[in-house]
Amino acid sequence: MPRTPARLAFAIVLALSPAIAATQAPEAVPATTQTEVEAEATQALAPFMASYQVLNHGRALGEASLQVTELNAPHRWRVDLNMGGRGLLKLAGINAEQSTVFEDTASGFLPLSQSTLRKTLFTRKRSTGIYDWAAGQARWEGDLKEWRQRPVPLQHGDMSALLINLAVIRDAEPGRTLRYRFVDNGRAKAHIYHVAEELEGVRVGELSYNAMRVTRLPDEGDDDNAEDEERVVWVVKGVPTPVRMLQREGGEDTYDLRLVDYTGVQ
């Protein structure tokens, strides 16, 4: 069944699985990352801006950007995803923004606040969330179903969708299984990724990479994913963002995000 513009925007947000000013969260306590990796991260977090071409069944729809910014507070950062509604995305009335403020701690990324804005031709939905580590719960408000505004108990290592993307970049090693707990927009569930044993060649534009193929299969009983939907990202050591992100349904490629360029941000 074809996706509506709202589901398309949400799917791409998860695939990069928004640049909105985030609310200040209470003081945080250290968290531990729930992964099956044994080695510590070898690449320090650094600011960057990345641009992606968005394709659907091989047809160019527009561009998306992913940015990591260091804030003035010690160890505090923000990651922003922005689909600006250019090209065919604009004609479809699709515009999505998501943002997470977090701390980069010795035991992992610690989310503090999160915001999402999704716009189509006829709708505008915004939600904001706070990860209250002192109280041990996260809570969202805004244009959400009532059950998604209930408190979500927090566990050490919980991350938003955007932080999980950064964690995969940090943790991926050939042959490893990565386990995270997704807590975002009033929901909590396990995310499990499998890293292929061998590197594979990936060509993006005029550049070729030897990349790690990282696959996340759909969760059982997940209403947001079709049963036959698969997400794949390609990770390259030394590149702070995936070089390609692909969504597959029924064995066919659907939404495909390919890195156009990335630069360090001062």
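Two strands are taken as paired if DSSP finds at least two bridges between them. In this predicted model, strand S13 (residues 207-216) and strand S14 are joined by five bridges and run antiparallel. Within this pairing, Val214 has Val233 of S14 as its bridge partner. Strand S14 is also joined to strand S15 (residues 244-249), by six bridges and again in an antiparallel arrangement. Here the bridge partner of Val232 is Leu246 in S15.

Strand S14, which spans residues 229-235, is mostly covered, with seven of its seven residues buried. The side chains alternate between two directions: Glu229, Arg231, Val233 and Val235 point one way from the strand, whereas Glu230, Val232 and Trp234 point the other way. Burial extends to the residues of both sets, the charged names Glu229, Glu230 and Arg231 included.

In soluble globular proteins, nonpolar side chains tend to be buried together. The largest nonpolar core of the model comprises 47 residues, and Val168 and Val243 are those with the most contacts inside it. Helix H3 (residues 161-171) gives the most to this core, contributing eight residues. When neighbours within four places in sequence are left aside, Val168 is in contact with Leu178, Tyr180, Tyr193, Val214, Val233 and Val235. Among these contacts, Val214 and Val233 are also bridge partners, and Val233 and Val235 point the same way from S14. Apart from the largest core lies another core, of eleven residues, which includes Leu110, Trp140, Val152 and Leu154.

Backbone geometry was considered next. Most residues other than glycine have a negative phi. His75, although not a glycine, has a positive phi of about 65°. This residue is placed in the loop between strand S2 (59-70) and strand S3 (76-83). Because exposure requires over 50% relative accessible area, His75 counts as exposed at 56% relative accessibility. Asn185 likewise is a residue other than glycine with a positive phi, near 50°. The loop that holds Asn185 lies between strand S10 (177-184) and strand S11 (187-195). With a relative accessibility of 3%, Asn185 counts as buried, since the cut-off for burial is under 20%. The two positive phi values thus occur in loops between strands, with His75 exposed and Asn185 buried.

Notes. Residues are numbered from 1 along each chain as its sequence is written. This is a predicted model: local features need pLDDT of at least 70, side-chain atom pairs count only at pLDDT 80 or more; totals for chains, interfaces and linings use all residues. Side-chain values use heavy atoms; hydrogens and water are left out. Buried means under 20% relative accessible area, exposed over 50%, partly exposed in between (1.4 Å probe, protein chains only). Helices (H or I, at least four residues) and strands (E, at least two) are DSSP runs, numbered from the N terminus. A nonpolar core is a set of buried Ala, Val, Leu, Ile, Met, Phe, Trp, Tyr and Cys residues joined through side-chain atoms within 4.5 Å. Contact means heavy atoms within 4.5 Å.
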